[in-house]
Amino acid sequence: MPFAAIDESVGRFDADVAIVGCGPVGNTLAILLAQHGHEVVVLERWPDPYPLPRAVHFDHEVARIFQSAGLGPALRDISEPAEVYEWRNATGTTLLRFGQRGDGPSGWPYASMFNQPALESLLAQRAAQLPTIDIRRGVEINGLTQTANSVTVSAVDGTAVTARFVVGCDGANSTIRRLADLGVHDLGFFFDWLIVDVVLDEPRVFDPLNLQVCDPARPTTAVSGGPGRRRWEFMRLPTETLDELDAEQRAWELLAPWDVHPGNARLERHAVYTFNARYAERWRDARVMLAGDAAHQMPPFAGQGMCAGIRDAANLTWKLDLILTGRAPDSLLDTYQLERLPSTRRAIDFSMQLGNVICVADPIDAAARDEAMAAAVGDEPAVLPDLPGLDSGIVHATSPHAGRQFVQGDIDGQPFDDVHGAGWRLITIDPDTDLDDDLVAWFDSIGGRVVRIAAPSDVHRVWFTDHHTIWALQRPDFYLYGTATDSNEAAQLLTELRDHLAHPDPALHGIRT
Ligand SMILES: Cc1cc2nc3c(=O)[nH]c(=O)nc-3n(C[C@H](O)[C@H](O)[C@H](O)COP(=O)(O)OP(=O)(O)OC[C@H]3O[C@@H](n4cnc5c(N)ncnc54)[C@H](O)[C@@H]3O)c2cc1C
């Protein structure tokens, strides 16, 4: 779609997509859309990026999405792997140890610790390389109108942007959510925590890197804040006021037992946050969608708030791309919330479960918890369950492994996505089979590519062997549409995908059980 395209019923479009909010989610969405050549205007109320750290963890799947946004090796420079997360009680007894060493299935460490402003700076640099992104800072949106073909957002300064779609990536207090009347469902989780970010003058080894102290006298989180940085989080006690906790002197007092003081560290910031668990009841109203914190918020105990938003961006991108280029109907967007909400709910629920264990301030309750948990600790770190997949939407209803994430192996020593890009990929380790030309031409028309791997890396070989299959049909956001054991089944899978994209109505395609 060319910039400033003309629609007779609308007049002039300023952009294909207007994104409100330039946090990590809005910025990532803008980059992913612009990489498809779409014209994107990003409207951000503040003149400069938010300078203070919030998120400190992302998982391997989200790292792969950042890789697809072109952050690549720079992402490794601003992050450090987090292999084991240990929880201890007040006396130092281990209550829980979990995590995995090495790279996860997506070709990135299972868990990485980072500094959010450093990530946002990388995103800003990447966005600046893409000519179809126009980031307008200092523009606060306070108006929204839709027609059948367009949507206009207007700003406090009197300017307006008309686009084919608007995505509200405007954070927890989303104006777009309010203007589009997309209500919020609150799960009633409220705890206040003092967040303290520290830069140590001298490097220091913390073992374990990430520690949760389940001390009812002061539940405390002590984790990496990315290379060279540490994050402490201290829960407000029932006997304490917000003002008592939210003071620099109090932050230093709480850091003192960790041998952190003004003589060896710089306090980057301290702030009290109320952790919430909420999500928008509807994520779309016609041409308006919500993504990131605008659509959902969760306590940070699982480190999944931003991650969920980055998954939203990856999900929306390929759908908007197909719609904007006339290759799929607008109703494809009905699958956005359908796919994203269940996975997000699981992340919210898991975060709340962790929070309910951590945020115990009653010593008797804590003692009972400690006894039960300590008895279950094994020698090796526990392995967390797989990250949630997709149960419905654009996934095959009966094909084995549909809705799971596909692995990223190497091709000739390079990460698969760096060689073949991120898009619809039909990947096989059977190099000799052929597919019908018309079907391949259609697949090509949606940006699909058939990849025959002649010499599979261990990651691909093991995956195909363990899953008893030889074809994998991967979506642009790396979930599997389905798998096939021979070329006839693979052709059938493509045929069904063609039908699915032409008629995305979920009622026609069933739900995976
Ligand atoms: C203490 C803490 C720890 C966390 N830890 C983790 C973690 O380890 N891992 C993780 O994944 N997540 C974590 N999170 C959550 C994560 O920080 C957020 O989910 C993430 O920042 C949300 O990104 P976003 O782009 O959706 O929203 P935001 O970053 O809030 O960006 C929204 C943007 O919209 C702009 N805006 C708002 N209204 C308007 C308007 N009317 N007009 C124009 N612009 C507007 C705002 O100025 C802002 O720049 C943590 C959060 C906190 C507070």
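Which backbone atom of G305 lies 3.3 Å from an oxygen atom of the ligand? It is a backbone N or O atom of G305. This tour begins at the ligand and then proceeds to the sheets and loops. Please bear in mind throughout that the model is predicted.

**The ligand and its surroundings**

Select the ligand together with G305, and find the 3.3 Å separation between a ligand oxygen atom and a backbone N or O atom of that residue. Taken alone, the ligand exposes 1000 Å², and the protein buries 93% of that. Next, colour the elements that give two or more residues to the shell around the ligand: α1 (24–34), β4 (40–44) and α8 (305–324). Of these, α8 supplies the largest share, with 3 residues.

Now add R54 to the selection. A polar atom in the side chain of R54 is 2.7 Å from an oxygen atom of the ligand. Continue with W46, where an N or O atom of the side chain lies 3.3 Å from an oxygen atom of the ligand.

Display the whole shell next. It consists of 33 residues, and the closest are E44, R54, H57, D293 and M306. Colouring the shell by class gives 16 nonpolar, 10 polar and 7 charged residues.

**The sheet of three strands**

H57, one of the closest residues to the ligand, is a suitable point from which to move on. Select M113 in β9, which stands opposite H57. Strand β5 is joined to β9 (residues 111–114) by 3 bridges, and the two strands run antiparallel.

Extend the selection to the open sheet of 3 strands, whose order is β5-β9-β6 and whose pairing is antiparallel. The strands at its edges are β5 (57–59) and β6 (79–81), each of which pairs on one side only. From one strand to the next, the twist averages 30 degrees.

Bring α8 back into view. This helix lies across β5 and β9, and it runs at about 45 degrees to β5. The same helix, α8, gives the largest share of the shell around the ligand.

**The sheet of seven strands**

Select the strands β8-β7-β16-β17-β18-β15-β19, shown here in their order within an open sheet of 7 strands with mixed pairing. At the edges stand β8 (94–98) and β19 (265–275); each has a single partner strand, so one side of each is left without a neighbour in the sheet. Neighbouring strands of this sheet are turned by 15 degrees against each other on average, direction ignored.

Zoom in on the edge formed by β8. Strand β7 (residues 85–89) and β8 run antiparallel and are joined by 4 bridges. Which residue of β8 is the bridge partner of Y85? Select F98 to see that partner. Another pair to display is W87 with its bridge partner in β8, L96. Follow the chain through the hairpin of β7 and β8, which has 4 residues between the strands; G92 takes a positive phi there, near 95 degrees.

Move next to helix α7 (residues 248–255). This helix lies across β15 (191–200), β18 (229–235) and β19, and runs at about 105 degrees to β19.

**Two loops to finish**

Select D259, in the loop between α7 and β19. The phi of D259 is near 55 degrees, a positive value in a residue other than glycine.

Finally, select P208, which lies in the loop between β15 and β16 (210–214). Is the peptide bond from D207 to P208 cis or trans? This bond is cis, with omega near 5 degrees.

Conventions:
Residues are numbered from 1 along each chain as its sequence is written. This is a predicted model: local features need pLDDT of at least 70, side-chain atom pairs count only at pLDDT 80 or more; totals for chains, interfaces and linings use all residues. Side-chain values use heavy atoms; hydrogens and water are left out. A residue is near a molecule or strand if one of its heavy atoms lies within 4 Å of it. A polar contact is a pair of N or O atoms within 3.5 Å; within protein, one must be able to donate a hydrogen and the other to accept it, and residues adjacent in sequence count only if both atoms are side-chain atoms. Accessible areas come from the Shrake-Rupley method with a 1.4 Å probe; for residues, only the protein chains shown count as cover. Ala, Val, Leu, Ile, Met, Phe, Trp, Tyr, Cys and Pro count as nonpolar, Asp, Glu, Lys and Arg as charged, and the others, Gly among them, as polar. Two strands pair if DSSP finds at least two bridges between them. Axes are lines fitted to C-alpha atoms, for helices over the stretch in contact, and angles run from 0 to 180 degrees between N-to-C directions. Contact means heavy atoms within 4.5 Å.
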